[in-house]
Amino acid sequence: MTSGCSSSRAFQELVLGGADIGQLQAYVNEQADIPEFVRYHVQAGDTLASVAKTHQTSCGVIAKANRIDCLSSIGPGQILLVPDL
């Protein structure tokens, strides 16, 4: 039981210790067969629908990746995860 706590704690230290988010995402994606995502910087006039159209995906995929609702407003400077084509 102690080794289980150590492993859990070690993982937490890795994440909290500043592990590169790209490396963590790549590992998770390999394990779960999830598509790669890139960061998109929202520009003035962007909507979730326009970002989805530009990236050939759906509002639902972007909303789920960013833990927001499809009807959520987005604003300039916001960063969204979108599928990497």
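User: Leaving aside neighbours within four places in sequence, which residues is Ile74 in contact with?
Analyst: Bear in mind that this is a predicted model. Ile74 belongs to the largest nonpolar core, and some of its contacts are core members too, among them Val42 and Leu80. With neighbours within four places set aside, the list for Ile74 reads Val42, Asp46, Thr47, Leu48, Val51 and Leu80.

User: OK, and which residues make up that largest nonpolar core?
Analyst: As a rule, nonpolar side chains in soluble globular proteins tend to be buried together. Here the biggest such group has 9 residues: Val42, Leu48, Val51, Ala52, Ile62, Ala63, Ile74, Leu80 and Val82.

User: Which element gives the most to this core?
Analyst: Three elements, α3, α4 and β2, supply at least two residues each. The top contribution is 3 residues, and it comes from α3.

User: Zooming out, in what order do the elements run from the N terminus?
Analyst: There are 4 helices and 2 strands to place. Starting at the N terminus, the order is α-α-β-α-α-β.

User: How much of the protein is buried?
Analyst: The accessible surface comes to about 6,300 Å², with 56% of that surface belonging to carbon and sulfur atoms. Of the 85 residues, the buried share is 18%.

User: What share of the contacts with a separation of 6 or more comes from residues 24 or more positions apart?
Analyst: One pair that far apart in the chain is Pro83 and Ala52, 31 residues apart in sequence, with their C-alpha atoms 9.2 Å apart. That spacing is C-alpha to C-alpha, whereas a contact is counted on heavy atoms within 4.5 Å. For contacts with a separation of 6 or more, the share from residues 24 or more positions apart is 52%.

User: Why do the buried residues of α4 sit on the same side of the helix?
Analyst: Helix α4 spans residues 59-66, and its buried residues are Ile62, Ala63 and Asn66. They end up on the same side because they cover an arc around the axis of only 100 degrees.

User: And what covers those buried residues of α4?
Analyst: Ile62 and Ala63 are also members of the largest nonpolar core, to which α3 and β2 each supply at least two residues. The cover over the buried residues of α4 includes α3 (48-54) and β2 (79-83).

User: Asn66 is a polar one. Is it buried or exposed, and what lies 2.8 Å from a polar atom of its side chain?
Analyst: Asn66 is in helix α4, and its relative accessible area is 17%, so Asn66 is buried. Not counting residues up to four places away in sequence, Asn66 touches Ile79, Leu80 and Leu81. The atom lying 2.8 Å from a polar atom of the Asn66 side chain is the backbone nitrogen of Leu81.

User: Which residue just after α4 takes a positive phi?
Analyst: Most residues other than glycine have a negative phi. The exception here is in the loop between α4 and β2 and counts as exposed, at 81% relative accessibility. With a phi of about 55 degrees, that residue is Arg67.

User: What's phi of Gln56, then?
Analyst: Gln56 is in the loop between α3 and α4, and at 66% relative accessibility it counts as exposed. Its phi is positive although it is a residue other than glycine, with a value near 50 degrees.

User: Which residues does Pro83 touch, not counting those up to four places away in sequence?
Analyst: Pro83 is in strand β2 and is buried, with a relative accessible area of 11%. Its contacts include Ile62, one of the buried residues of α4. In full, Pro83 touches Glu36, Phe37, His55, Thr57, Val61 and Ile62.

User: Last one: how far is the sulfur of Cys70 from the closest cysteine sulfur?
Analyst: A search of the whole structure turns up 0 disulfides. Both cysteines count as partly exposed, Cys59 at 23% relative accessibility and Cys70 at 38%. A disulfide needs the sulfur atoms within 2.5 Å. The closest cysteine sulfur to that of Cys70 is in Cys59, too far for a bond at 5.4 Å.

Note on methods: Residues numbered from 1 in each chain as written. Predicted model: local features only at pLDDT ≥ 70, side-chain atom pairs only at ≥ 80, totals over all residues. Heavy atoms only, no water. Buried < 20%, exposed > 50% of the residue type's maximum accessible area, 1.4 Å probe, protein only. Arc of directions from axis to C-beta. Areas by Shrake-Rupley, 256 points an atom, 1.4 Å probe, with all protein chains shown as cover. Polar contact = N/O pair within 3.5 Å; in protein donor to acceptor, adjacent residues only side chain to side chain. Core = buried A, V, L, I, M, F, W, Y, C linked by side-chain atoms within 4.5 Å.
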